[in-house]
Amino acid sequence: MFYYINGTVTVLEANLAVLDCGGVGYACHTTGYTLSQLQVGKQQKLYTYCNIKEDAFDIFGFSTKEELNCFNRLIGVSGVGPKVALAILSSTSPSQFTLAVMTGDEKTLTMAPGVGKKMAQRIILELKDKLTGELPEMGGAAAVVPTAAGNKASEAAAALASLGYSQSEIGLALKGVDVEHLSLEEIVRSALRAMVMQ
């Protein structure tokens, strides 16, 4: 439907941002993370997901493609609807969410209201393989990592790919990281820091 909406922010409320585009105010359900990036009166682009039902037409808007990707993955999990997905992404950033799934961190997911241990386990179970499964599409980005590091390097590369980083960016970021001795979470955090400095 809409790929993105680009307009002036006119209203900011809990889980809601309104963007004025040519005199039409588009109400976008959103997360605390996206709301923290917005200011009333400023021009903003939100990447969107449209939820169309018989009695509703809801627009969900996100400040980054990474957050939209996380939202789409979440609503693809059985039993997770848009409201729960928004709650999860309001309590974490896209990178924190991806790390939580990749490392099996239920605690981070259950910080969101309405998310219990069973739902957190289901999210991790259904999404971890999908995130790791994206690795072959990267054309062997993990090949630049020493093979002794094995699985951790591959999982870290998959986590970074799911956040939208390219093969070359991931390869450069992982080059200087001690993948043998660090935990998966520490590897991804180190790589993200390296990318910021590139």
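F57 counts as partly exposed because its relative accessibility is 41%, where partly exposed covers the range between buried, under 20% relative accessible area, and exposed, over 50% (1.4 Å probe, protein chains only). The model is predicted, so local features need pLDDT of at least 70 and side-chain atom pairs count only at pLDDT 80 or more, while totals for chains, interfaces and linings use all residues. Residues are numbered from 1 along each chain as its sequence is written, and side-chain values use heavy atoms, with hydrogens and water left out.

F57 lies in strand 5, and together with M1, F2 and I52 it forms a nonpolar patch on the surface with about 430 Å² of accessible area.

Turning to the interior, the largest nonpolar core (buried Ala, Val, Leu, Ile, Met, Phe, Trp, Tyr and Cys residues joined through side-chain atoms within 4.5 Å) has 47 residues, and L74, I88, F97 and I123 have the most contacts inside it. Among the elements that give two or more residues to this core are strand 5 (56–62), helix 2 (65–75) and helix 6 (117–133). Leaving aside residues up to four places away in sequence, I123 touches L74, V77, V80, I88, F97, V101, L109 and K128, a contact being heavy atoms within 4.5 Å. Another core, of 11 residues, lies apart from the largest one and includes C28, L38, L46 and C50.

A charged residue, E67, is found in helix 2. E67 is buried yet has no salt bridge, the nearest side chain of opposite charge being R73, 12 Å away; a salt bridge requires a side-chain nitrogen of Lys or Arg within 4 Å of a carboxyl oxygen of Asp or Glu. Among the residues that E67 touches, not counting those up to four places away in sequence, are T31, Y33, F62 and L89.

Key. Helix = DSSP H or I, 4+ residues; strand = E, 2+ residues; numbered from the N terminus. Patch = residues over 30% accessible without salt bridge, like charges linked within 9 Å, V, L, I, M, F, W, Y side chains within 5 Å. Areas by Shrake-Rupley, 256 points an atom, 1.4 Å probe, with all protein chains shown as cover. Lys, Arg positive; Asp, Glu negative; His and termini not counted.
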